[in-house]
Amino acid sequence: MGTETLVLDAAKVIVDRRCSNPITLPSGVQVRCQSRLKSLCPGCSNLAAGDYAAIFRSGVFDAPPGYRFVALTLTAPSAGGTHRVVKDGRPPRRCGCGATHDPVTDAALRGLPLDLDTYDYDAAVAWNYQIGTLWNRLLREIRRHAPTAAYALSREWGARGSLHIHGLVRFPAAEYLPPAVLERIVGSVSARDRHGHVHRFGAQVKVDPLNADGKTAQSIWYMTKAVQYMVKEVADGGGPSSDYGREHWGRLHRAATVMRCDKCPPHGSPSFCQARAHKQWGARSRVVTVSDARGRHAATAQTRWSFTGLTRASQRQARADYAASLSSDDARADRFTFAVQARRILDGERTAAALDAITALRPRPAPPV
Ligand SMILES: [Zn+2]
Ligand SMILES: [Zn+2]
Ligand SMILES: [Zn+2]
């Protein structure tokens, strides 16, 4: 990478990650709004995505030799047939409705049910509600064979409004479970909900061995993009909308409203329940989860995903410490250095070389992080 590119790249941090809604504390100090949602604050959202990407990467690229990795895609089961509209540039394919859809003019149909009246909305929202439980079951099974497997995962909305999981699993070489074994384990896992319905992962499970290379960094970045959107934006922002689409999202919403969740009042209607699941198509899980040494599913300290102990809290702290180390004049005069440093904190050692190249251009040395 040329030095010029690095300078432009670092300067972009100032623009891309500036907070749109800074909060002024009584002391007069301005702090970030810290939203992870692109619609609320693109700057903080980019910062959050960058933080998550750095956490994901630090469990792969900072690993000492002797670990193996797989990428997992765990899809939702079918709740009824959906329209297949290939992405632009892909070979045309016939849809279940009989038509061969145009990738551009029919984009609004992509992923929507073939038949709204027979699509199982109750099952669709129940799936979104249960996906976390099902993952916990799967993790327990994986750890029966690989006690110190560590993981990082993000939950992403599919075009039809069902969650699926993108995950990374790390095994010490001696505990490695090859894709065929993992696929079998995924297929064996189920969870029964309070209504007696049994939930399983969808048939299109993908298990890919992973190498710590550039392509991996790219797929990690893709995984983190999911954190920037929430339910409503999936319906509004996924492409052109249509009456048919609005009817689909409306039915999904109504199913989530009447679904009985674990927090619903035992003798009252779900409409009195304040749980978030009723407002987001049944979903209650966090968007990103990484294994750590604490909590219910901890096996040992080895299960901590990040080898450098990176968490969003530690990333925020590192930025705050750095900002505090500058006098306010410095901070104003030297936003460029600040951006470079912030970028270094975000990206870890990967950009240490970039930082060195940039500071070499500058007359005065960068302050220590
Ligand atoms: Zn903000
Ligand atoms: Zn169709
Ligand atoms: Zn409820």
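Two strands are counted as paired if DSSP finds at least two bridges between them, and on that basis strand β4 (residues 150–157) pairs with strand β9 (residues 288–290) in the antiparallel sense over 3 bridges, with V288 in β9 as the bridge partner of S154. The model is a predicted one, and its protein chain has 11 helices and 9 strands. Of the 369 residues of the protein chain, 33% count as buried.

**Confidence of the prediction**

- The mean pLDDT of the protein chain is 80, and residues reaching 70 or more make up 77% of the chain.
- Over residues 1–7 the pLDDT stays under 50, and the model has 7 contacts beyond four places in sequence for this stretch.
- Residues 349–369 likewise stay under 50 in pLDDT, and for these residues the model has 23 contacts beyond four places in sequence.

**Contacts along the chain**

- When contacts in the protein chain are restricted to residues at least 6 apart in sequence, 68% of them join residues that are at least 24 apart.

**Strand β4 and its partners**

- Strand β4 is mostly covered, with 7 of its 8 residues buried.
- Strand β4 pairs with strand β5 (residues 163–172) in the antiparallel sense, and 8 bridges make up this pairing.
- Within the pairing of these strands, R155 has I165 in β5 as its bridge partner, while A150 is matched with R170 in β5.
- β4 and β5 form a hairpin in which 5 residues lie between the two strands, and G161 in the turn has a positive phi of about 90°.
- On β9, the pairing with β4 is antiparallel and comprises 3 bridges, one of the bridge partners being V288, which is matched with S154.

**Strand β5 and its pairing with β3**

- Strand β5 is largely enclosed by the rest of the structure, because 8 of its 10 residues are buried.
- Strand β3 (residues 67–74) is joined to β5 by 8 bridges, and these two strands run antiparallel.
- In the pairing of β3 with β5, R68 stands opposite F171.
- Strand β5 therefore pairs antiparallel with β4 over 8 bridges and with β3 over 8 bridges, given that at least two bridges are needed for strands to count as paired.

**Positive phi outside glycine**

- Most residues other than glycine have a negative phi, which is the background against which the following two residues may be read.
- Q34, although not a glycine, has a positive phi of about 65°, and Q34 is found in the loop between β2 (30–31) and α2 (42–58).
- Q34 counts as partly exposed because it has 16 C-beta neighbours inside 10 Å, a count that lies between the limit of 12 or fewer for exposed residues and that of 20 or more for buried ones.
- W281 is a residue other than glycine whose phi is also positive, near 55°, and W281 lies in the loop between α7 (243–258) and β9.
- W281 counts as buried because it has 27 C-beta neighbours inside 10 Å, where 20 or more are required.

How values were computed. Residues numbered from 1 in each chain as written. Chains lettered and ligands numbered in written order. Predicted model: local features only at pLDDT ≥ 70, side-chain atom pairs only at ≥ 80, totals over all residues. Helix = DSSP H or I, 4+ residues; strand = E, 2+ residues; numbered from the N terminus. Contact = placed C-beta atoms within 7 Å. pLDDT = per-residue confidence, 0-100.
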